[in-house]
Amino acid sequence: MTTERKAILTIDGQAPVDFPIMSPTHGNDCVDIRTLGGKTGLFTYDSGFLSTASCKSKITFIDGDKGELLYRGYPIEQLAENCNFLEVTYLLKNGELPNAQQKTDFESTIKKHTMVHEQLTKFYSGFRRDAHPMAVMTGVVGALSAFYHDAMDFSDVEHRNVSFNRLVAKLPTIVAMAYKYNTGAPFMYPDNDLDYTANFMRMMFGNPCEKYVPNPVLVNALDTIFTLHADHEQNASTSTVRLAGSSGANPFACIAAGIACLWGPAHGGANEACLQMLEEIGDVSKVGEYINRAKDKNDSFKLMGFGHRVYKNFDPRAKLMRKVCGDVLAELGLQNDRLFKLAMELEKIALEDPYFVEKKLYPNVDFYSGIVQKAIGIPTEMFTCIFALARTVGWMTQWEEMITDPEYKIGRPRQLYMGAAKRDVVPLAQRG
Ligand code: SDX
């Protein structure tokens, strides 16, 4: 909230101008510069938004120095240990964890929306079988907005709730269909006798000819992976969803924009890139060569799964993901998995290297997630789809917070124009 403290700006000896300072529950104080342009004619320049708070939010808090992540005030470690993904979904949306009845009611509500319109299945056949599943996801999720004319007044809380439930419930079905389409196997309809994550695994790995019996250890691992990816304050894809939504675009279109942004290798595509990097390194003996390449300013290679805009300590999700990875590999008898051992060795060497220590580059959520997903049987190109499935919860929660914010306006940043000075058009006949 706004404090009595002020930031005083004095420009070129002119009369000082003051701006209020806002103090959060946790994290950095903020200078409220919304009147800067009007008072001084100046803009701030902050490419990449390294020092810019784009909104007020009550959903997620990250302390990058401590390596802390809170969903609605609860540490991610405690949520991963004590709650399943739908409980966390309920928490993110409603601000409080559900009691037993609320949990049961929410789970049955989600189950009512797991199927997709039969016409939606036709969209898949327009793609090549080898299309990247994130391209398919971007198209199919965007197409959802063509199916729900019954609930498009987002000033109506019921329309917002049904859209939230539809997206949370249908993303697993859509992701699994993208995988089945890629393999040429038949689509699997949801089986609502199964819980959320087991249902997803059956749609991914089951087939119409046999009963699918989910492995509880793998289901629990994937459910935890969903929780770890659910939200992460104002990251690039969430900011994309907020900006798209600030124009009044419907949530299906906004989520499709978030999926498109998440696909990038610097963001959600890093888990796929990280596994490809580990495969390329191949052996512990080559780790030094790649560490040197990551440090070489003339080499664009970056250690995928390392570094973070906010975390300057361990990403708490990476520690939890490493534990999940160990549990899954043990369950599958893959304790000696080559890539897992290589990743742990790479982590050890990098964390002892002065370059990584000085730049505070630690493993992030993507470093181990590819290894554990591969062990579960999820193909590499599907990793970011899994990320998008889980992050849809955070995107929708942040979207709703944005459109119900009394200060909500369309996002419209300005710029530092460095182009040609104003000039007159020379008629064609006179142009040299
Ligand atoms: C996610 O924002 C979020 O919250 C994202 C996310 C979420 O849940 O939504 O947490 C998910 O996107 C995790 C990040 C996944 N991406 C990667 O693992 C890709 C590899 N990481 C880098 O691309 C990078 O670390 C970023 C993109 C993650 C962060 O980049 P920043 O904050 O813009 O930092 P930077 O690129 O300016 O790096 C600072 C310095 C640079 O060196 P100098 O120019 O200061 O000399 O550190 C170096 C960088 O070259 N550096 C790396 C490095 N990451 C940063 N050097 C080698 N290997 C790396 N991985």
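Okay, let's start with the aromatics: Phe306, Phe340, Tyr355, Phe356, Phe367 and Tyr368 form one aromatic cluster. Keep in mind throughout that this is a predicted model.

Let me put that cluster in context. Searching the whole structure turns up 18 aromatic pairs. I'll show you two of them.

The first is tyrosine 196 with phenylalanine 226, and that one is edge-to-face, with 6.5 Å centre to centre and 85° between the planes. What does this pair link? Distant parts of the chain: tyrosine 196 belongs to helix α8, residues 196–205, while phenylalanine 226 belongs to helix α9, residues 216–229, and the two are 30 residues apart. Both tyrosine 196 and phenylalanine 226 are buried.

The second takes us back to the cluster. Phenylalanine 306 and phenylalanine 367 are also paired edge-to-face, here at 5.1 Å centre to centre with 80° between the planes. Again distant parts of the chain are linked, with 61 residues separating the partners: phenylalanine 306 is in the loop between α13 and α14, and phenylalanine 367 is in helix α17, residues 366–376. Buried or exposed, these two, phenylalanine 306 and phenylalanine 367? Buried, both of them.

Since α13 just came up, let's look at that helix, residues 287–295. Val287, Tyr290, Ile291 and Ala294 are buried there. They cover an arc of only 105° around the axis, so they end up on the same side of α13. And what covers the buried residues of α13? Among the elements doing that are α12 (270–281), α15 (338–352) and α16 (354–358).

Now for the charges over rings, which some of you will want to check in your own force fields. Lysine 93 lies over the face of phenylalanine 164, 5.1 Å from the ring centre. Then there's arginine 129, whose charged end sits over the ring of tyrosine 181, at 4.2 Å from its centre.

Last stop, the strands. β4 covers residues 60–63, with Thr60 and Ile62 pointing one way and Phe61 and Asp63 the other; all of these are buried. How many bridges join β4 to β5, residues 68–71? There are 4, and the strands run antiparallel. If you want a register marker, aspartate 63 stands opposite glutamate 68 in β5. Together β4 and β5 make a hairpin with 4 residues between them, and in the turn glycine 67 has a positive phi of about 70°.

That's my tour, so over to you.

Definitions and conventions: Residues are numbered from 1 along each chain as its sequence is written. This is a predicted model: local features need pLDDT of at least 70, side-chain atom pairs count only at pLDDT 80 or more; totals for chains, interfaces and linings use all residues. Side-chain values use heavy atoms; hydrogens and water are left out. Buried means under 20% relative accessible area, exposed over 50%, partly exposed in between (1.4 Å probe, protein chains only). Two strands pair if DSSP finds at least two bridges between them. The arc is that of the directions from the helix axis to the C-beta atoms. Contact means heavy atoms within 4.5 Å. Rings of Phe, Tyr and Trp (its six-membered ring) pair if their centres lie within 6.5 Å; planes under 30 degrees apart count as stacked, over 60 as edge-to-face and the rest as tilted. A charge sits over a ring if NZ of Lys or CZ of Arg is within 6 Å of the ring centre and within 35 degrees of the ring normal.
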